[in-house]
Amino acid sequence: GRLPVFHHRSLNIMATTPNYATLAAFYIKGLTEGFIDPPEVISWADEVVVAEAKMEDWMLDISSSQPEDRMGVVHHLHAVKGEVDQAALAELVAARG
């Protein structure tokens, strides 16, 4: 059968939800390799905007991006600061692949 569609909501199967930098790295990889489309990243950013008390520019930039603007979303994802957890990133990619 077909594998279930992997949404970022499935991330709670991991011990801890990956940090924003790790998720951004995952989404950059997905957008550039074609296994993720911008609307998925935009809806993630929408949820971050609602959930996060401290607003950062990239959150609003991605949230207000156009669904067809793949490279624009990638550009905004590069603004996400933090330490990328390589192990978590590999897990995300494996779960999607």
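The exercises below work through burial, salt bridges and aromatic pairs in one predicted model.

Residues are numbered from 1 along each chain as its sequence is written. Because the model is predicted, local features need pLDDT of at least 70 and side-chain atom pairs count only at pLDDT 80 or more, while totals for chains, interfaces and linings use all residues, and side-chain values use heavy atoms, with hydrogens and water left out.

**Exercise 1.** State which residues of helix α4 are buried, and name elements that cover them.

*Solution.* Begin with the terms: helices (H or I, at least four residues) are DSSP runs numbered from the N terminus, and buried means under 20% relative accessible area, exposed over 50%, and partly exposed in between, with a 1.4 Å probe and protein chains only. Helix α4 spans residues 70-77, and its buried residues include Gly72, Val73, Val74 and Leu77. Next, look for what covers these residues, where contact means heavy atoms within 4.5 Å; the cover includes α1 (20-33), α2 (38-51) and α3 (57-63).

**Exercise 2.** Describe the salt bridges of glutamate 33 and glutamate 40, and say where the partners lie in the chain.

*Solution.* A salt bridge is a side-chain nitrogen of Lys or Arg within 4 Å of a carboxyl oxygen of Asp or Glu, and by this rule the count comes to four. Glutamate 33 pairs with lysine 29, with the closest N and O atoms 2.8 Å apart. These two residues are separated by about one helical turn, because they stand four residues apart in helix α1. An α-helix has 3.6 residues a turn, so residues three or four places apart point the same way. Turning to the other bridge, glutamate 40 pairs with arginine 96, the closest N and O atoms being 2.8 Å apart. This pair links distant parts of the chain, since glutamate 40 belongs to helix α2 and arginine 96 to helix α5 (residues 86-96), 56 residues apart. Glutamate 40 is buried, at 15% relative accessible area.

**Exercise 3.** Classify the ring pair of phenylalanine 26 and tyrosine 27.

*Solution.* Rings of Phe, Tyr and Trp (its six-membered ring) pair if their centres lie within 6.5 Å; planes under 30 degrees apart count as stacked, over 60 as edge-to-face and the rest as tilted. The whole structure holds six aromatic pairs. For phenylalanine 26 and tyrosine 27 the centres are 5.4 Å apart and the planes stand at 45 degrees, so the pair is tilted. Phenylalanine 26 also forms a tilted pair with phenylalanine 35, at 6.0 Å centre to centre and 50 degrees between the planes. Phenylalanine 26 is buried at 1%, whereas phenylalanine 35 is partly exposed at 27%.
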